[in-house]
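This briefing concerns a predicted model. It addresses selected residues in turn, together with their surroundings.

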Amino acid sequence: MSDNTLTAHSGYAGWFKIEALRVDEDGVEVPGSRRIAADWFPNLITNAGLDFLGTTGATLVYGFCRVGSGNTTPSATDTALVTPVAVSSTAQATANGVNRSGAFYAWRRQTTRFAAGAAAGTLAEVGVSPAGTGALFSRALILDGGGNPTTITVLSDEVLDVTYELRLYPTLADATGTVTIAAVSYNWIARPLIEAGYDFSWKDNVGYGVMPRTSNGSSLSPSVASNLPAQSATLVDGISAGALTALAYVAGTYARSFRFDSGLNDANVSGGIGCFFATGDPTAVQGMFGVWAWGLTPKLPKTAQTVATFTIRMSWGRYTP
């Protein structure tokens, strides 16, 4: 059987919030001292940042936060702040979740703390990155409530807390295509699975490298097949579907491909393969891209006398509403 490609696509967007506060000699926050220096505002994910998602694996792309005083308009080709002031990787707090009010997205945020005096002065730009040096994942000018560039002043005795939230928006509209296997054409349909039972696979690892789970797992609850009723597929739990191999990432493509090989003893479902799915693996501290199902019409006959090879290509870009 021939090699064929099925796809899935998601968009990313990031938001910053900046707060200043004071702490006492024991490092405890002084009540009433916290102030919002800049409320939630968007950032630009750089080209290098989009590449990071294909290469960083178990390294969080926003594990480091950088602040500076430069006021040059952000560009997709930016790799650094214009005028760096300070960098920190002190994770003060983390949280994650999914949003179902409006467009569905999964989010994960980290609050990074700069010690008192470390970021003192006038700040105008901010960014995050997977390392303390090297290219930025994102960069933004600090914005006021009206969305205009502004500056903030951090006093020498103030601690700075910068919260970065990265959002993953799966493309909810069905992706479709056709593959030809052994001279037979099959229509395929791809759909993200966003039931609450799959929330952990969407939210837990947002910001780590794109990699689906490579081992068999439970798939019966919630039912994948119920999301693809036109396929009339009977879901078989825990069946060996074959080996999933990550192919090399190519810079600038913003897509990661995985070869799915079903050998003679794999995926031999009575009546043929009507749908299959791939999920991220939060237990591996990577494997982020949510949960996707692909359906085939007509069903693909697969027996112990045949092998099948597909390529799953997961692509991403900047989210636009």
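Ser 129 belongs to strand 9, which spans residues 125-129. With a relative accessibility of 0%, Ser 129 is buried, because the threshold for that class is under 20%.

**Surroundings of Ser 129**
- The side chains of Ser 129 and Arg 66 form a polar contact at 3.1 Å.
- Beyond its neighbours within four places in sequence, Ser 129 touches Leu 60, Val 61, Tyr 62, Gly 63, Phe 64 and Arg 66.
- The contacts of Ser 129 outside that sequence window also include Ala 135, Leu 136 and Phe 137.

**Asp 266 and its loop**
- Asp 266 is located in the loop that links strand 16 (255-262) and strand 17 (273-279).
- Asp 266 has a relative accessible area of 16% and is therefore buried, the limit being under 20%.
- A polar atom of the Asp 266 side chain lies 2.9 Å from the backbone nitrogen of Gly 263.
- Between Asp 266 and Thr 303 the C-alpha to C-alpha distance is 8.4 Å, with a separation of 37 residues in sequence.

**Nonpolar core and Tyr 12**
- The largest nonpolar core comprises 71 residues.
- Tyr 12, Leu 160 and Trp 294 have the most contacts inside this core.
- In soluble globular proteins, nonpolar side chains tend to be buried together.
- Neighbours within four places in sequence aside, the contacts of Tyr 12 include Ile 45, Leu 53, Leu 166, Arg 167, Leu 168 and Val 210.
- Tyr 12 is likewise in contact with Met 288, Phe 289, Trp 316, Gly 317, Arg 318 and Tyr 319.

Note on methods
Residues numbered from 1 in each chain as written. Predicted model: local features only at pLDDT ≥ 70, side-chain atom pairs only at ≥ 80, totals over all residues. Heavy atoms only, no water. Core = buried A, V, L, I, M, F, W, Y, C linked by side-chain atoms within 4.5 Å. Buried < 20%, exposed > 50% of the residue type's maximum accessible area, 1.4 Å probe, protein only. Contact = heavy atoms within 4.5 Å. Helix = DSSP H or I, 4+ residues; strand = E, 2+ residues; numbered from the N terminus. Polar contact = N/O pair within 3.5 Å; in protein donor to acceptor, adjacent residues only side chain to side chain.
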